[in-house]
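Let's look at some labels that structure descriptions use and ask where they come from. Have the model open beside you as you read.

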Amino acid sequence: MAIIVRLDRIMADRKMSLNELAEKIGMTNVNLSNLKTGKMKGIRFDTMNIICHALGCQPGDLFEFTEEDGEF
Amino acid sequence: MNDLSKDLKKRTFADMIISIILCAGAAAYLISMLVSFLNNGMPEYITNMLYTAAIILELIMLISIFLEIRKKGKPFSKSVIIKLRIMAVLLMIVGCVPNLISVPKGPVEEMTDLFTEEISSMRVIYFDTQNLLVILLGVIIGIISEVFVYGGKLQEDNDLIA
């Protein structure tokens, strides 16, 4: 997929661990880990809102688009 | 576990208890039928026992479905679909089994029985609308299992959304 989740970078910037963030936003470690590693198919606005609030960032900071040949 | 799962667990508990009570009742009825059959040897008891055994099997399947829903907190899973399909096939097979009843003989036959001193009745096999109704129930459960297949796919998709 051309959209990459940059949650690990933001978490490293904020010096926040996965467990800490999971506890803060009320998500399971497994789900958050899946989101971080790009295994999830999508993200709800609700979840994005909570993550942005917890990390103090913009939705655009969480994702990055890279052009991939032959995808469409 | 989200609120939906908790709510589902709560709701299935009452259904499971009702199913267990019905299953116990059906088992008691089956035993009484067996005792009556051993005492009288009337053919009606055979079909009744077969239908009751099928009801018990259906209820056992239903209880196992409820147990799984309570365990996982989700109604759509492969094993639930398989169990529903087994229930549907079982109902369709049982629906194809004709009834076996004893019909009293007419006056002429009864007169002959006076000499032979046999029980004056004859056994008749018949297939009626009740059988069709049971087959139709099986078909409906089969259709519901297909709805569960679609639900399972939607749930898989939903589980992959954070």
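The questions and answers below take this predicted model and set its computed values against the definitions behind the words.

Q: What makes up the secondary structure of chain B, and in what order do the elements run?
A: Chain B has five helices and two strands. Starting at the N terminus, the order is α-α-α-β-α-β-α. Of its 162 residues, 30% count as buried.

Q: Why is B:Lys71 called exposed?
A: The word exposed needs a relative accessible area over 50%. B:Lys71 has 70%, so the label fits. You will find B:Lys71 in helix α2 of chain B. While you are there, look for B:Lys9: the two lysines are 62 residues apart in sequence, and their C-alpha atoms are 8.2 Å apart in space.

Q: Why is B:Leu136 called partly exposed?
A: Partly exposed covers the range between buried, under 20%, and exposed, over 50%. The relative accessible area of B:Leu136 is 47%, so this leucine belongs in that range. B:Leu136 lies in helix α5 of chain B, residues 129–159.

Q: What makes B:Leu136 eligible for a nonpolar surface patch?
A: A patch residue must have over 30% relative accessible area and no salt bridge, and nonpolar side chains are joined within 5 Å. At 47%, B:Leu136 is above that accessibility cut-off, so it passes on this count. The patch is made by B:Leu133, B:Leu136, B:Leu137, B:Ile140 and B:Ile144. Its area is about 440 Å².

Q: How do you know that A:Glu64 and A:Arg6 form a salt bridge?
A: The test is a side-chain nitrogen of Lys or Arg within 4 Å of a carboxyl oxygen of Asp or Glu. Here the closest N and O atoms are 3.0 Å apart, so the pair qualifies. The pair links distant parts of the chain, 58 residues apart: A:Glu64 is in strand β2 (residues 63–65), and A:Arg6 is in the loop between β1 (3–5) and α1 (7–14) of chain A. In general, side chains of opposite charge can pair when their charged atoms come close.

Q: Are A:Glu64 and A:Arg6 buried or partly exposed, and why?
A: Buried would require under 20%. A:Glu64 has a relative accessible area of 26%, so it is partly exposed. A:Arg6 has 22%, and therefore it is partly exposed as well.

Q: What makes B:Asp7 and B:Arg11 a salt bridge?
A: Their N to O distance is 3.4 Å, and the limit is 4 Å, so the contact counts. Both residues lie in helix α1 of chain B, four residues apart, which is about one turn of the helix. B:Asp7 is partly exposed at 38% relative accessibility, and B:Arg11 is partly exposed at 48%.

Q: How do you know that B:Glu146 and B:Arg85 form a salt bridge, and what does the pair link?
A: The N to O distance is 2.7 Å, which is within 4 Å, so the pair meets the definition. It links distant parts of the chain: B:Glu146 in helix α5 and B:Arg85 in helix α3 of chain B, 61 residues apart. B:Glu146 is partly exposed at 44% relative accessibility, and B:Arg85 is partly exposed at 36%.

Q: What makes A:Arg6, A:Arg9 and A:Glu64 one network?
A: Salt bridges that share partners join these residues. Over all chains, the whole structure has eight salt bridges.

Q: Which residues line the largest pocket, and what makes them lining residues?
A: A lining residue has an atom within 4 Å of a pocket point. For the largest pocket, 29 residues qualify, and B:Asn2, B:Ser5, B:Lys74, B:Asn158 and B:Asp159 lie nearest its centre. The volume is about 940 Å³. By class, the lining has 13 nonpolar, 10 polar and six charged residues. The largest share, five residues, comes from α5(B).

Q: Which residues lie nearest the centre of the second largest pocket?
A: They are B:Tyr51, B:Ile55, B:Leu91, B:Val94 and B:Val134, from a lining of 13 residues. This pocket has a volume of about 270 Å³. Its lining has eight nonpolar, four polar and one charged residues, and α5(B) gives the most, with five.

Key:
Residues are numbered from 1 along each chain as its sequence is written. Chains are lettered from A and ligands numbered from 1 in the order in which they are written. This is a predicted model: local features need pLDDT of at least 70, side-chain atom pairs count only at pLDDT 80 or more; totals for chains, interfaces and linings use all residues. Side-chain values use heavy atoms; hydrogens and water are left out. Patches are made of residues with over 30% relative accessible area and no salt bridge: like charges are joined within 9 Å, nonpolar side chains (Val, Leu, Ile, Met, Phe, Trp, Tyr) within 5 Å. Accessible areas come from the Shrake-Rupley method with a 1.4 Å probe; for residues, only the protein chains shown count as cover. Buried means under 20% relative accessible area, exposed over 50%, partly exposed in between (1.4 Å probe, protein chains only). On a 1 Å grid over the protein atoms alone, a cavity is a set of points where a 1.4 Å probe fits but cannot get out, and a pocket is an open set with protein on both sides within 12 Å along at least five of seven lines; lining residues have an atom within 4 Å of a point. Grid points are joined across faces, edges and corners, and a volume is the space filled by probe spheres set on the points. Ala, Val, Leu, Ile, Met, Phe, Trp, Tyr, Cys and Pro count as nonpolar, Asp, Glu, Lys and Arg as charged, and the others, Gly among them, as polar.
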